[in-house]
Amino acid sequence: MRRLRSAGVLGSVLVLALAMSACGKSTKAGGTATVLFGTAPDSLDPGMAYTTQALEPDQTAYIPMLTYAHVAGTAGGKLIPGLATALPTISADGKTYTMTMRHGLVFSNGRPVKASNFTYAVERALKIPWGGSSFITDNVVGSEAFASGSAKSISGITADDATGQITIKLKAPYGAFDNVLAFPSFAPVPKGTPFKNEPTNPPPGVGPYKITNIVPNVSYQVVRNPYWAKEAIPGIPSGSLNTINAKISSNTTANALAVLGNSADVFDFADTIPPSILAQVPSRASGRYEKVIKNSTYYFFMNTKTKPFSSELARRAVIVGLDRNAIARLGSGFFTPACHLLPPGIIGHPTGPCPYGDPTKPELAKAQALVKESGMAGTPVTVWGEMRSPRRQFVDYYTSFLNQIGFKATEKIIADATYFPTIGNLKLNPQTGFADWNEDFPNPIDFYGILIAGDAILPTNNQNFSQVNDPVINAKVNTLGSLYKVPTSSLSSVASQWQALDEYTSKKAYTAVFGYASFPKLASNRLDFSAAVLHTVFGWDWLTFKLK
Amino acid sequence: MVIDSGTSATGTEFSSGIPTELLGEARERASGLGPYQLAWWRLRRNRAALAFGAVFLLVLVLCLLAPVYAHDIAHTGPNDNHITQTVKVGGKLEDVVNSIGLPIGPTWHSRFFLGADTNGRDVAVRLLYGGRNSLEVGIVATLITMVLATIVGVVAGYSGGLLDGLLTRALDVIWAYPVVILGVALGAILAVSGIDVGFVKLKGSSLMVPAVVIGIVYVPYVAKPVRGQVLGLREREFIEAARVQGQGTLRIMFSELLPNVGSTVIVFVPLMLANAVLLEAGLSYLGAGVQPPNPSWGTMIADGISSIPAAIHLVLVPGIMLVLAVLSINVFGDGVRDALDPRAKIRIGR
């Protein structure tokens, strides 16, 4: 980038143009790019935003106290200081986090940033309330009282505006708390920002860009923040583009074709490229399309508290006979067949083989025999699923498969928006169905603490759909468990313990994991594809976008 | 130019609509025929209606033979997935669904004659089973509509007063909602919870759920014209005569009014059937009708939408069948209407 500018000063415009065209890898600063989304963000207000469509733009405008390295692959899961001067220091008992706000920061409205703006952002997120507020209320002293209205402030957070020091006291050690501090929802916002969701007028933040011109469900713009102190924060790019236009259209086929045809620049990774045009993508988008694996696990939950999956043999039958290759095809080849709950990018992912054989070689006869042996043959099973493609197709296949191995399965497909709240209602006691988990942060506790731990079984919004309450697992991962307390920075020291635990979970056949998803990284030929990062946590990292 | 064919013994009025050039023949043939015989005579002369009636019959028979086709020709069920299997086409093996999820097109052989869908299911088998489901829902819905609408229309029209007011307002409430929106709302709720009202217990996945929903939302469209006809009939002499003879209200409704609204009800049957099949397809397309994995023409179109650029047969095949079925019912229905009451101008839907 700098080299090009120098050339512009030294040479003529013609020479510059020739140089640029001759050098395919040259990029230029400035310019505008267009990002297409099939789904609108839940809210662009960081106090409410929780979907990838919202967090992508918010990462450019609301830098949190901690953030992630702006690099591709698993290295992108590494925490780095954001607005904090360094990663927090953690007390010996793991219950006190201390960090310091950088000096000289200003919001995008020009007002100075103080340490207490962090506290204010946390309070605001709890009051709105943000979808992940339990990360705070479950852990920070006094936060529940504040959220319920019985306290005027969060007693467990103190901020000194003079020194910039922030101290957070936890009720009990929670190893992933530094990951919690990396959510843009807890990025500082000015005091006085209303304690309500402001989707069309999000508050000022600290970041290279700010979000403006919001037309709900249609479009918005991300433009440069004039107050961003360039390169003031190591590791956080200032961004190359002047403007990023985001457009929302539910026609993902048209979106993909627009990017293929270079009339738009970025296809939302969370959207599916329809199989009907997928065949032409590799040839039409050579050098600007690839599949990127992100940390996610796709599985069928099997309710261990009710027939037929209260029987371990019945659960094993599913795992043994499930044709993961078939599911990979239904997912247009965007799934890697698998059997373990923890995906490869998460510390603790087992390196050993699957306990019930190669997941790409289903054994239907063995599965049928196991169902007979379990005594559950002919048991009626209701399979729950979502409407959207290819998830419904997964469930269609799964239902057909369950009937093949001896159950009497029928489907119940419900609207996407109500699916997880519905099956998360414990009263419904769903027997089996589709589920997935995409990391909130790269830490195994994000999977186990929510999907498998006994104390994660909740009356509503339950995510432990299999209702696993295994003492062996609980001893490691619930609020009193040993692995629960290990800080993210020390995870590698307990990798083998996590591996052993995940192997144990696979052996107990609690969930029928069928694969890890990869996502389409598709951009126009205007964009520098190699520089643009499809980040493991952020999704598309807009700060890495550059025009060729 | 039309001539009046007179008034039947039961008081039902018909007009023939026979062109003047056929007047002599009509007079000759019509003499001594009852109203329904006369209608049948008229219908037989309407070749377009008969041809489309035959088309509908053909579609119906094909759909009823779905299990035979599935078992003896295609050797697969409507919900059997063959995602990772191969099929021999032109001497070489081809994936039923390829590695990026694209299904095979029509093979023109017994297996996958019309190709496969994204789950590797035989489209021809699903098309016939889907037709069975669509027509079953349509026929049951039409029955529900006709029975409920006739009862409500006759009771409201004959009773008058408060009961008429209440029933008419209830019909107005249903009428006030566009049928698709009302159908989607009811269908989406009932598809999850099912129906559990007294002795009526239906699972959410039951085909009877969309049938009940469609049957109910169309009641006003038939009940109102029936009520209107009954309002006129109740002032007629033969009703007065029945009252004077001491007949009770129920008997008058059943034996005097019902036969007189019969032709109106019959005229509505094919029109309602066509609309019910269409609405079923619409609701299933939107996920509020027939529940997966059961096929219906609507769900098949919905499943195929995302594959249009590369596998257009997934949408075309059920689409053509839907058009054929609805068109044939409509044209045949028009013929029936012309035969029963050539002056009537009945249209459903808005």
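This report covers the contacts between chains A and B, the make-up of chain B, and one helix of chain A, all in a predicted model.

## Where chains A and B meet

The two chains touch through 27 residues of chain A and 26 residues of chain B. Four elements of chain A each supply at least two residues to its side of this contact. They are helix H9 (275–278), helix H12 (324–330), helix H14 (391–405) and strand S16 (408–414). H14(A) gives the most, with six residues.

The side of chain A that touches chain B is mixed in class. Twelve of its residues are nonpolar, nine are polar and six are charged.

## Chain B

Chain B has 350 residues, and 46% of them count as buried. Its secondary structure comprises 13 helices and six strands.

Take the contacts in chain B with a separation of 6 or more. Residues 24 or more positions apart account for 67% of these.

## Helix H3 of chain A

Helix H3 of chain A spans residues 52–61 and is mostly covered. Ten of its ten residues are buried. The buried residues include the charged pair A:Glu56 and A:Asp58. Also buried are the polar residues A:Thr52, A:Gln53, A:Gln59 and A:Thr60. The nonpolar residues A:Ala54, A:Leu55, A:Pro57 and A:Ala61 complete the helix.

What do the buried residues of H3(A) pack against? Their partners are strands of chain A: S1 (32–37), S8 (209–215), S9 (219–224), S10 (243–248) and S20 (539–541).

Technical notes:
Residues are numbered from 1 along each chain as its sequence is written. Chains are lettered from A and ligands numbered from 1 in the order in which they are written. This is a predicted model: local features need pLDDT of at least 70, side-chain atom pairs count only at pLDDT 80 or more; totals for chains, interfaces and linings use all residues. Two residues are in contact if their C-beta atoms, placed from the backbone, lie within 7 Å. A residue is buried if 20 or more other C-beta atoms lie within 10 Å of its own, exposed if 12 or fewer, and partly exposed in between; C-beta atoms are placed from the backbone.
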